[in-house]
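Me: Got a minute to go through the aromatic rings in this one? I'll fire off short questions.

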Amino acid sequence: SYRFNGVYSMENYRHDRFNHEGYFVTEGAPTDEARYSEETVASYLSNATGYNQLRTNTYYVIDNILNYTTQFDKHFIDLTAVYTRDQYISDLRKLNGSNYDAVGNSILGYNGLVQTVEVSKTKKTNIGYLGRLNYNFDDRYHLSVSVRRDGSSVFGIDNKWGVFPAVGGAWTLSRESFMDSVDFLNYLKLNASWGKNGNQSLGAYGTLSTINLGQTGDHPYLFGNTGKPSWGQYVAAIGNSELGWETTTAINIGMDAHFLNDRIQLEMNGYKSK
């Protein structure tokens with residue numbers, strides 16, 4: 001059998017905010033009339049601030065799932081192969097404004113913002129391949145083996161891919177002939193598993209070097225007697241092309257037993273991160 005899953009989502013946001021100069025009036029005047037007088041409020045025009053923000057988030061995920069099952073005699077086999085891909089893009093346009101002192105009023109509010117523009121775009125892509133085999137003999141012996149290979153754009157160019165295997169087994173003792181004489185036990189199954197999992201808690205561009213430049217870098221240089229600075233640039237962060245997946249190894253041991261009308265489940269877990 002073959003199954004295709006697909007999801008596409010687009011979100012559009014608009015957010016306008018403005019802090020009127022009266023918002024910044026502080027305590028201290030003897031009366032509210034004096035505190036919020038036209039002259040007092042106007043003295044805070046340099047503090048008035050606001051922004052217009054437009055953000056578009058686009059997301060999609062695609063899964064291709066191929067499954068094959070067969071049964072012969074006392075053998076049952078279940079094979080699964082998966083190819084998955086997802087992508088997230090965030091696009092931001094933000095217009096910031098402050099200090100209405102030169103204008104003399106803030107009547108236009110956020111519609112009068114003309115000072116600075118902030119633009120950012122983030123793109124993140126993941127690709128994954130998964131293969132799994134489930135085997136069952138006579139509903140007594142159970143084996144599950146899987147391996148997953150995942151790649152993410154957030155990691156360094158030298159270490160974008162991770163491989164995560166897992167294996168598990170179970171033994172249904174209650175189906176063995178030597179358990180027929182045990183009358184108080186209806187069902188008994190022992191199981192154990194071992195596997196690795198990956199985590200990508202890293203920003204989209206966290207492995208890249210970054211540079212601060214222009215006035216935001218705050219590195220002015222004066223040449224001659226012009227009095228006008230030239231703005232330099234400097235390395236703000238050094239990238240690491242070897243940053244990769246954080247892995248967690250887990251070991252599980254358990255038992256499931258039915259004693260007449262009662263049921264007992266025991267499980268032990270062990271985890272190790274790297």
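Me: Is Tyr141 buried, partly exposed or exposed?
Reply: Partly exposed, in this predicted model. Tyr141 has 35% relative accessibility, and the buried class stops under 20%.

Me: Which ring does Tyr141 pair with?
Reply: Phe137. The two are stacked, with 6.2 Å centre to centre and 5 degrees between the planes.

Me: And how accessible is Phe137?
Reply: Phe137 is at 21% relative accessibility, so it counts as partly exposed. The cut-off for buried is under 20%.

Me: Switching pairs. What is the geometry of Phe164 and Trp245?
Reply: Edge-to-face. The ring centres are 5.4 Å apart and the planes stand at 75 degrees. Planes over 60 degrees apart count as edge-to-face, so the pair gets that label.

Me: Where do Phe164 and Trp245 sit in the chain?
Reply: Phe164 is in strand β6, residues 161-172. Trp245 is in the loop between β11 (233-237) and β12 (246-259). The pair therefore ties together parts 81 residues apart in sequence.

Me: Are Phe164 and Trp245 buried or exposed?
Reply: Phe164 is buried, at 6% relative accessible area. Trp245 is buried too, at 16%.

Me: How many aromatic pairs in total?
Reply: The count is five.

Me: Which residues make up the aromatic cluster?
Reply: Tyr83, Tyr129 and Trp161 form one cluster.

Me: What charge sits over the ring of Trp161?
Reply: The charged end of Arg149, 4.2 Å from the ring centre.

Me: And which residue lies over the face of Tyr51?
Reply: Lys94, at 4.2 Å from the centre of the Tyr51 ring.

Conventions. Residues are numbered from 1 along each chain as its sequence is written. This is a predicted model: local features need pLDDT of at least 70, side-chain atom pairs count only at pLDDT 80 or more; totals for chains, interfaces and linings use all residues. Side-chain values use heavy atoms; hydrogens and water are left out. Rings of Phe, Tyr and Trp (its six-membered ring) pair if their centres lie within 6.5 Å; planes under 30 degrees apart count as stacked, over 60 as edge-to-face and the rest as tilted. Buried means under 20% relative accessible area, exposed over 50%, partly exposed in between (1.4 Å probe, protein chains only). Helices (H or I, at least four residues) and strands (E, at least two) are DSSP runs, numbered from the N terminus. A charge sits over a ring if NZ of Lys or CZ of Arg is within 6 Å of the ring centre and within 35 degrees of the ring normal.
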